[in-house]
Amino acid sequence: MKDWVEARVVGKHRWTEGLYSLQFEAPITDFVAGQYIKVALDIEGERVGRPYSLVNAPGEQPIEIFFNEVPQGPLTPPLSALNPGDRVWLTATASGIFTLESVQPTRDLWMLATGTGLGVYLSILRSPDPWRLFERVILVHGVRQGADLAYSETLDEIAGRYPGRFTRVAAVSREPWPTALSGRITDLLTGGELERHVGLTIDSTTSHVMLCGNSAMIKDAKVILEARGLVRHRRQAPGHYTTEQYH
């Protein structure tokens, strides 16, 4: 990448063991909600970077990412050790097509996320796009432990801004949690519990579904959705579900 710019860390939040948000100030160009940048550090003479979805809304600073620390990974341990005032590299231009730019308006937008896949939806939800295109927006966040349910205050703020139009659902798979459904998103979808809880049905006539998170969730959800007649969305051929995959 030739468009690296230096960024300064201006904020850091540790949600739980190994789960972090970092905020940066940097002169990146305008982006579309749903896109990502690369974040990099120079480690032993090599620039090591990886893509992270932007959490902040377009036009807003600071720039924010949400990530898991991978203990043996080359980048995330030193990234999670950064503090305000430290320097990192960011790509000046965002990339990615996990956006609502070419999605056709319909009644319901379902945002299904596991883990840090939540981050990209926070950017989209804080933009005008979903509220212009859809009557109802349903965010489903699946995690293993209840402590991993991050950004509650941000989500409360969004809900307050769009009363009656925004529904958020937590799904915790490894322990009972008072405000959450129990189980994995795909099992709740297969068994019908998710839709009964929300009071809406996912189908090709009323719904667009976005999938972001671990590859197993995305793979299984695609099978479930396609069995209901939903087709993958492509820019050249608009469909009913859009995917973003984290590795």
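Contact here means heavy atoms within 4.5 Å. This is a predicted model, where local features need pLDDT of at least 70, side-chain atom pairs count only at pLDDT 80 or more, and totals for chains, interfaces and linings use all residues. Residues are numbered from 1 along each chain as its sequence is written, and side-chain values use heavy atoms, with hydrogens and water left out.

**Exercise 1.** Work out where T201 sits, and which residues T201 is in contact with once neighbours within four places in sequence are left aside.

*Solution.*
- Step 1: place T201. You'll find T201 in the loop between α6 (193-198) and β11 (207-213). Helices (H or I, at least four residues) and strands (E, at least two) are DSSP runs, numbered from the N terminus.
- Step 2: list the contacts. With neighbours within four places set aside, T201 touches R107, D108, E195, T206 and S207.
- Step 3: check one of the distances. T201 and D108 are 93 residues apart along the chain, yet their C-alpha atoms are separated by 9.1 Å.
- Step 4: classify the exposure. T201 counts as partly exposed because its relative accessibility is 45%. Buried is under 20% relative accessible area, exposed is over 50%, and partly exposed is in between (1.4 Å probe, protein chains only).

**Exercise 2.** Find the order of the strands in the six-stranded open sheet, then follow β2 through its pairings.

*Solution.*
- Step 1: write down the order. The open sheet runs β4-β3-β6-β1-β2-β5, with antiparallel pairing. Two strands pair if DSSP finds at least two bridges between them.
- Step 2: spot the edges. These are β4 and β5, each of which pairs on one side only.
- Step 3: take the β1 side. Strand β1 (residues 4-16) and β2 pair in the antiparallel sense over seven bridges, with V9 opposite F24 in β2. Their hairpin has two residues between the strands, and G18 takes a positive phi near 80° there.
- Step 4: take the β5 side. Here β2 and strand β5 (residues 63-68) pair in the antiparallel sense over six bridges. F24 stands opposite I63 in β5, while the bridge partner of S21 in β5 is F66.
- Step 5: ask why β2 is largely enclosed by the rest of the structure. Strand β2 (residues 19-25) is largely enclosed because five of its seven residues are buried.

**Exercise 3.** Describe the lining of the largest pocket, then do likewise for the second largest pocket.

*Solution.*
- Step 1: take the largest pocket. Its volume is about 1200 Å³, and 43 residues line it, with N68, T114, G115, T116 and N214 nearest its centre.
- Step 2: find the top contributor. The largest share of this lining, four residues, comes from β4.
- Step 3: turn to the second largest pocket. The volume of the second largest pocket is about 220 Å³. Among its 14 lining residues, I97, R232, H233, T242 and T243 are the closest to the centre.
- Step 4: find its top contributor. β12 gives the most to the lining of the second largest pocket, with three residues.
- Step 5: pin down the terms. On a 1 Å grid over the protein atoms alone, a pocket is an open set of points where a 1.4 Å probe fits, with protein on both sides within 12 Å along at least five of seven lines; lining residues have an atom within 4 Å of a point. Grid points are joined across faces, edges and corners, and a volume is the space filled by probe spheres set on the points.
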